[in-house]
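Here is a model to work through by question and answer. Look it over before reading on.

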Amino acid sequence: MKLACRNLGSPDLARRGLTADSAPVEVLLVDIEADLVISDDGRTVWNEDGFPVAELARALSLWLRLPDGERRDFTFDSMSYDVPGAVRITATEGGWRVGSVFAPDTWGSPTTWPRLVADLAAFIATVREGVIALGIKPDFIPDL
């Protein structure tokens, strides 16, 4: 399973009359976006252009920090979508599976918890690096 983002940017900040320094965190979360691809062994599970990757990275980081006994399935509840679940992570008998409410019949193959954590940590690190490259401090995306 892999979450990849391409073309990370913040094109709407200028339209809003904001800069990286003047934008509040809630605006940065939805305005820092990229083309997101969730794939599994080269097969696309779901993809979306202009996806709020900073908001997703933050939500995933907070989810991963939960104690094991408190962590349930992950459902991304974005400020940019009317429906929760643009990205979903569900525990199954065979392992953790990643998918989207927008592609309900397509899921990634089951994976182990350690492999899932490694893949999500790589995604979060990539987004944090992209945010830094935009000249924005990534403090609103907790580091693992």
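The turns below go from the fold to the core and then to one helix.

This is a predicted model: local features need pLDDT of at least 70, side-chain atom pairs count only at pLDDT 80 or more, and totals for chains, interfaces and linings use all residues. Residues are numbered from 1 along each chain as its sequence is written, and side-chain values use heavy atoms, with hydrogens and water left out.

Q: In what order do the elements of the protein run from the N terminus on?
A: Helices (H or I, at least four residues) and strands (E, at least two) are DSSP runs, numbered from the N terminus. The protein has four helices and six strands. Their order is β-α-α-β-β-α-β-β-β-α.

Q: Which element gives the most to the largest nonpolar core?
A: Such a core is a set of buried Ala, Val, Leu, Ile, Met, Phe, Trp, Tyr and Cys residues joined through side-chain atoms within 4.5 Å. Buried means under 20% relative accessible area, with a 1.4 Å probe and protein chains only. This core has 40 residues, and F51, L56 and F123 touch the most other members. The top contributor, with seven residues, is α3.

Q: Which residues does F123 touch, not counting those up to four places away in sequence?
A: Contact means heavy atoms within 4.5 Å. F123 is one of the buried residues of α4. Its partners are L3, C5, L36, V53, L56, A57 and L60.

Q: How far does α4 reach from its first C-alpha to its last?
A: α4 has 21 residues. The expected span is 1.5 Å times one less than the number of residues. That gives 30 Å, and α4 comes close to it, reaching 30 Å.

Note on methods. Buried < 20%, exposed > 50% of the residue type's maximum accessible area, 1.4 Å probe, protein only.
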